[in-house]
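Reader: Could you take me on a close look at the ligand site in this one? I'd like the residues around the ligand, and then whatever else helps to place them.

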Amino acid sequence: MSKRLANIAWETFSALPLTEKTPYLMQPDGVPYHTLFAQQFDYALLDQLATLANEIRAIAKTRVGAEFLRQQVTHKRAMLYFSQPSSRTFLSFVSACQILGVQTGEVRDTAISSEFKGESREDSVRTFSSYFDLIIMRTPEKGLAEHMAWVLSNSDRPIPIINAGSGQDQHPTQSLLDIYTLLRSFERGGGLRDKTMVFCGDLLRGRTVRSLSYLLTNYPNIRQIFVAPEPLQVGTDVLAILEQKGVPFLRTDNFHAAIREADAVYMTRIQDEWDNAKGESAAIDTSRFKFGPAELALLPPRAIIMHPLPRRDEIALAVDSDPRAMYWRQMRNGMWIRTALIAMTFGCEKRIHDYFRHNH
Ligand code: NCD
């Protein structure tokens, strides 16, 4: 199934639909080499990742276990190239690297890098690849991580790229941690099947929603309800995929009705950094798209509340102490699933399984 990104011209590759790009991004054993978008992950691969993450977090509980994990990738270095604000994603990737013994370097402000002197992104990324063995990259530009993956695969030092958020487009590792959170939350509730997922907020410009909506199509009978003010409703590209896959969905602005039917509510922030004109988002009435005590009262007892964070006022502080609030645990899950992804990328999955089998 693996095809080589070095054997295809950029123009040909970039014109392919995402699902047809996938084989070019995978290793021969079916795990990701470059991780660029959610379409690379199917049910089996998600299961494999979640299992590995569960094993890693169990192993990491003891000092000897943590030391074993720290020995796994000591020969590799990772570069975190974040030209967009980030706290959680950045820190969870740094932590994930530390858990596996991967050393890290970072560029977070391109104003103090050579890009400021006019160096092209291509040249910058090739420079990173001279010193590092993995690039973890967040950028405001859609498709840049993909182009850089192609550039690197066609250079004399090909190294993998992990997309840590690309513009308004995709945030594949956020959706991995979201899926991992759902899997863990519904472990005793029949698993991730026959559920209703409610997305609320800025669904047009939120990249986490685009990635997660796709990943959910891997699971049986997950209905998706999109609740947003009309100007921020989910994009037609997302809906086209759901239609094509026969996934039931609903677009609505009736948040309360949706909450009553929810198994999970996924809140998002208004992404006003993407406004075309100043005050564009502020002019939209978002008051009915917030989660507070009144919404909590409508939420079924076994449902959960998620948020990729950072939050503003779309979830009231009073909600935090409710056992159904999952957003803090979601963050910690992110560290473990990213550790699993890096372990897979560097081919140490089997050693971790073996250690787990012998010691747990
Ligand atoms: C999200 C992002 O950057 O897309 N944050 C994150 O990675 N946890 C969501 C957001 O910024 O609203």
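Author: Here is a walk around the ligand site, followed by a few spots elsewhere in the chain. First, the ground rules: this is a predicted model, where local features need pLDDT of at least 70 and side-chain atom pairs count only at pLDDT 80 or more, while totals for chains, interfaces and linings use all residues. Residues are numbered from 1 along each chain as its sequence is written, and side-chain values use heavy atoms, with hydrogens and water left out.

So who surrounds the ligand? The shell is made up of Thr89, Arg138, His171, Gln174, Arg207, Thr208, Arg269, Gln271, Pro308, Leu309 and Pro310 (a residue is near a molecule if one of its heavy atoms lies within 4 Å of it). Sorted by class, that gives 3 nonpolar, 5 polar and 3 charged residues. Here Ala, Val, Leu, Ile, Met, Phe, Trp, Tyr, Cys and Pro count as nonpolar, Asp, Glu, Lys and Arg as charged, and the others, Gly among them, as polar.

Now for the polar contacts (pairs of N or O atoms within 3.5 Å; within protein, one must be able to donate a hydrogen and the other to accept it, and residues adjacent in sequence count only if both atoms are side-chain atoms). Arginine 138 puts a side-chain N or O atom 3.0 Å from an oxygen atom of the ligand. Proline 308 uses a backbone N or O atom instead, 2.9 Å from a ligand nitrogen, and a polar backbone atom of leucine 309 is likewise 2.9 Å from a nitrogen atom of the ligand. Taken alone the ligand exposes 320 Å², and the protein buries 93% of that (Shrake-Rupley areas with a 1.4 Å probe; for residues, only the protein chains shown count as cover).

Leucine 309 deserves a second look. Leucine 309 sits in the loop between E9 and H13, and its phi is positive, about 60°, although it is not a glycine. The bond from leucine 309 to proline 310 is cis, with omega near 5°. Most residues other than glycine have a negative phi, and most peptide bonds are trans. Leucine 309 counts as buried because its relative accessibility is 10% (buried is under 20%, exposed over 50%, partly exposed in between, with a 1.4 Å probe and protein chains only). Proline 310 belongs to that loop too, which runs between strand E9 (304-306) and helix H13 (327-345); helices (H or I, at least four residues) and strands (E, at least two) are DSSP runs, numbered from the N terminus.

Zooming out, the protein has domain 1 (5-171 + 334-350) and domain 2 (174-332), with bounds from an automatic or database domain assignment. Each of these domains gives at least three residues to the ligand shell. Their centres, taken over C-alpha atoms, are 25 Å apart, and 30 residues of domain 1 are in contact with 25 residues of domain 2 (contact means heavy atoms within 4.5 Å).

Two other spots are worth a stop. Serine 175, in helix H8 (residues 172-185), is buried because its relative accessible area is 0%. Beyond its neighbours within four places in sequence, serine 175 is in contact with Ala38, Ser211, Leu212 and Leu215. Asparagine 221, in the loop between helix H9 (207-216) and strand E6 (222-227), has a positive phi near 55° despite not being glycine. Asparagine 221 is partly exposed because its relative accessibility is 47%.
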